Amino acid sequence: MTTAMRFAEAATQLIGTPFRFRGRDTASGVDCVGLVALALSHSGHTIPPLPAYRMRTASIAQFDSVLARLPLRRVEGVKSAGDIILLSPSASQLHLAIIGERGDLIHAHAGLGRVVASPPTLAWPSTAHWRLVTD
């Protein structure tokens with residue numbers, strides 16, 4: 001199994017985990033950054049301490065600085081399973097999602113209060129995406 005597929009599978013297994021802003025574990029909940037960190041950890045990656053961040057931000061630089069500490073690289077073009085997508089639900093909010101094994105978007109949904117799988121065609125525009133550095 002590829003690194004990307006292990007990551008996508010780890011994210012899929014986190015569906016149903018409660019939502020909690022800045023959360024980092026399955027018991028108390030995760031947010032979108034916590035979901036990425038936990039799925040990386042569950043797929044065999046060591047996660048460094050992550051800096052604090054705001055819930056509302058329109059700055060991609062904040063996500064770049066957080067994701068630069070992880071085994072990821074920013075890419076363009078075709079998106080595939082295991083990629084991390086930066087979405088823009090509103091003008092002042094950015095949100096991370098992981099492309100699942102079947103192309104769905106796995107993300108920590110604050111409104112639903114848990115990690116969910118959504119169809120790949122959310123109404124939110126995609127701003128950037130990252131891919132795992134392969135082994």
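Which residues does Val36 touch, not counting residues up to four places away in sequence? I took this as the opening query for a predicted model. I found that Val36 touches Phe7, Leu70, Ile84, Leu96 and Ile98.

**Entry 1. The chain as a whole.**
I next listed the secondary structure and recorded three helices and eight strands. Read along the sequence, I noted the pattern α-β-β-α-α-β-β-β-β-β-β. The chain has 135 residues, of which 44% count as buried. I looked up its exposed surface and obtained about 6,600 Å², with carbon and sulfur atoms supplying 55% of this area. For contacts between residues at least 6 apart in sequence, I recorded that 58% join residues at least 24 apart.

**Entry 2. The sheet.**
I traced an open sheet of six strands, in the order β3-β8-β4-β5-β6-β7, with antiparallel pairing. Strands β3 (72-75) and β7 are at the edges; each has a single partner strand, so one side of each lacks a neighbour in the sheet. From one strand to the next, I noted an average twist of 35 degrees. At the β3 edge, I counted four bridges in the antiparallel pairing of β3 with strand β8 (residues 126-132). There I found Arg73 opposite Arg131 in β8.

I then asked which strands α2 touches where it packs on the sheet. Helix α2 touches β4 (84-90), β5 (93-99), β6 (105-109), β7 and β8. Its direction makes about 25 degrees with that of β5.

**Entry 3. Helix α2.**
I examined helix α2 (residues 32-42) by residue and found it mostly covered, with nine of its eleven residues buried. My list of its buried residues reads Cys32, Val33, Gly34, Leu35, Val36, Ala37, Leu38, Ala39 and Leu40. At the start of α2, I saw a side-chain oxygen of Asp31 reaching to within 3.2 Å of the backbone nitrogen of Val33. Just after the helix, I noted that Gly44 takes a positive phi of about 100 degrees.

**Entry 4. The nonpolar cores.**
I returned to Val36 by way of the largest nonpolar core, which holds 26 residues. Val36 is one of the residues that touch the most other members, together with Phe7, Ile84, Leu96, Ile98 and Trp130. I recorded α1 (3-13), α2, β4, β5, β6 and β8 as the elements giving two or more residues to this core. The largest share, seven residues, comes from α2. Apart from this core I located another, of five residues, among them Leu87, Ala97, Ile99 and Leu105. As general background, nonpolar side chains in soluble globular proteins tend to be buried together.

**Entry 5. Ser118 on the edge strand.**
My last query was whether Ser118 is buried or exposed. I placed Ser118 in strand β7 (residues 114-118). Its relative accessible area is 12%, and Ser118 is therefore buried, the cut-off being under 20%. I found a polar contact of 2.8 Å between the side chains of Ser118 and His107. Leaving aside residues up to four places away in sequence, I listed Asp104, Leu105 and His107 as the residues that Ser118 touches. Of these, Leu105 also appears among the members of the five-residue core.

Terms used
Residues numbered from 1 in each chain as written. Predicted model: local features only at pLDDT ≥ 70, side-chain atom pairs only at ≥ 80, totals over all residues. Heavy atoms only, no water. Buried < 20%, exposed > 50% of the residue type's maximum accessible area, 1.4 Å probe, protein only. Polar contact = N/O pair within 3.5 Å; in protein donor to acceptor, adjacent residues only side chain to side chain. Contact = heavy atoms within 4.5 Å. Areas by Shrake-Rupley, 256 points an atom, 1.4 Å probe, with all protein chains shown as cover. Pairing = 2+ DSSP bridges. Axes fitted to C-alpha atoms, helices over the stretch in contact; angles between N-to-C directions. Core = buried A, V, L, I, M, F, W, Y, C linked by side-chain atoms within 4.5 Å.
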